[in-house]
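Please open the model in your viewer and keep the sequence panel beside it. The stops below say what to select next and what is to be found there.

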Amino acid sequence: MPYDLKEIAAISGMPGLYRLVRPTRAGVIVESLDERGTRSVASARNKVSLLQEISIYTQDYDQTIPLTEVFDRIYQKFGTDLTVTNKSDDRELATFMGEVIPDYDRQRVYMSDIKKLVSWYKAVSSRLQYQAADAEQPAEATEEASEAQPKSDNQTATKESTEAGTQQETPAADEALSTAGIIPTEADANAAGNPEAGTDTPSKKSK
């Protein structure tokens with residue numbers, strides 16, 4: 001994957017992004033994803049949302065785009081130097097989002113979500129190394145070459161078992177979360193005109 005988001009999380013009540021270090025009896029030790037790398041403990045009461053499990057709603061009600069893929073699209077189009085920030089004009093942010101995901105759902109993805117997306121991408125791209133997909137091509141070519149060779153029953157069974165395991169690890173579409181209202185900051189929650197303000201909206205799931 002371009003950016004490894006497996007251990008990167010957004011935590012309710014704590015600004016920014018964090019790398020999960022290890023669990024404790026009181027919660028989990030986390031390290032801030034910034035230059036300081038400050039470590040702290042997120043209690044069990046804090047909602048920890050892994051970025052790898054977050055997706056963006058599209059106009060197809062049954063389809064979402066994983067955040068890993070969204071980050072890859074941003075990198076391919078803009079690199080690490082974005083022309084927008086979370087403080088940019090709403091029109092500029094909407095234009096940016098439309099260039100990255102032309103069919104994103106304008107009703108279920110709020111402007112606060114786009115601002116979070118921009119902030120998260122800047123934090124991730126500044127601290128994590130982008131892993132180019134080209135690095136995976138030699139392995140794929142080797143696999144194709146090996147498939148051209150006759151296989152024993154044991155080899156075939158092993159390959160089928162591996163593929164089955166990979167499919168099980170892939171989250172179903174209805175398990176994917178939207179960024180819409182998933183981790184409202186204190187400022188977002190109290191912002192005027194925010195449809196999330198004053199409510200405790202649970203994480204949305206695509207149907």
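Does S88 count as buried or exposed, and at what relative accessibility? Keep in mind, while you select this residue, that the model is a predicted one. S88 has a relative accessibility of 13%, and because buried means under 20%, S88 counts as buried. Its place is in the loop between α1 (67-78) and α2. Show the side chain of S88 together with the backbone of T85, and you will find a polar atom of that side chain 2.8 Å from the backbone nitrogen of T85. Then add K115 to the selection: S88 and K115 are 27 residues apart along the chain, and their C-alpha atoms are separated by 8.5 Å.

**The whole chain**

Now select the protein chain and display it as a cartoon, in which six helices and eight strands are to be found. Following the sequence, the order of these elements is β-β-β-β-β-β-β-α-α-α-α-α-β-α. The protein chain has 207 residues, of which buried residues make up 35%. Of the contacts in the protein chain with a separation of 6 or more, 62% are accounted for by residues 24 or more positions apart.

**Helix α2**

Select residues 90-100, which form helix α2, and add D89, which caps the N-terminal end of α2 with a side-chain oxygen lying 2.8 Å from the backbone nitrogen of R91. Within the helix, color L93, F96, M97, G98 and V100, which are the buried residues of α2. If you then bring in the surroundings, you will see that what covers these buried residues includes β6 (54-57), α1 and α3.

**α1 against α2**

Keep α2 on screen and add α1, so that the pair can be described in the usual way: two packed helices are described by the angle between their axes and the distance between the axes. For α1 and α2 the angle is about 100° and the axes are 9 Å apart, and the two helices are therefore roughly perpendicular to each other. To see the contact, select V70, R73, I74, K77 and F78 in α1, which meet F96, E99 and V100 in α2. Sorted by class, the residues of this contact divide into five nonpolar, no polar and three charged.

**α2 against α3**

Next, select residues 111-127, which form helix α3, and view them with α2: the axes of the two helices come within 10 Å and cross at roughly 70°. These two helices are therefore also roughly perpendicular to each other. On the α2 side, select D90, L93, A94, F96 and M97, and on the α3 side M111, I114, K115, L117 and V118, which they meet. This contact of α2 with α3 has eight nonpolar, no polar and two charged residues.

**α3 itself, and its contact with α1**

With α3 selected alone, place a distance between its end C-alpha atoms, which are 25 Å apart; the 17 residues of α3 should span 24 Å at 1.5 Å a residue, and so the two values agree. Then color the buried residues of α3, among them S112, D113, K116, W120, Y121 and S125.

Add α1 once more, and hide α2 for a clear view of the pair. α1 and α3 pack at an angle of about 75°, with their axes 11 Å apart, and they are therefore roughly perpendicular to each other. The contact is made by L67, V70, F71, I74 and Y75 of α1 and by L117, W120, Y121 and V124 of α3. By class, the residues of this contact divide into nine nonpolar, no polar and no charged.

**Last stop: Q59**

Finally, move to the loop between β6 and β7 (64-66), where Q59 is found. With a relative accessible area of 54%, Q59 is exposed. Which residues does Q59 touch, not counting residues up to four places away in sequence? Select P102, D103, Y104, D105 and R106, and you will have the set that Q59 touches. Of this set, D103 lies 44 residues from Q59 along the chain, with the C-alpha atoms of the two separated by 5.7 Å.

Methods. Residues are numbered from 1 along each chain as its sequence is written. This is a predicted model: local features need pLDDT of at least 70, side-chain atom pairs count only at pLDDT 80 or more; totals for chains, interfaces and linings use all residues. Side-chain values use heavy atoms; hydrogens and water are left out. Axes are lines fitted to C-alpha atoms, for helices over the stretch in contact, and angles run from 0 to 180 degrees between N-to-C directions. Helices (H or I, at least four residues) and strands (E, at least two) are DSSP runs, numbered from the N terminus. Angles under 35 degrees count as roughly parallel, over 145 as roughly antiparallel, 65 to 115 as roughly perpendicular and the rest as oblique. Contact means heavy atoms within 4.5 Å. Ala, Val, Leu, Ile, Met, Phe, Trp, Tyr, Cys and Pro count as nonpolar, Asp, Glu, Lys and Arg as charged, and the others, Gly among them, as polar. The expected span of a helix is 1.5 Å times one less than its number of residues. Buried means under 20% relative accessible area, exposed over 50%, partly exposed in between (1.4 Å probe, protein chains only). A polar contact is a pair of N or O atoms within 3.5 Å; within protein, one must be able to donate a hydrogen and the other to accept it, and residues adjacent in sequence count only if both atoms are side-chain atoms.
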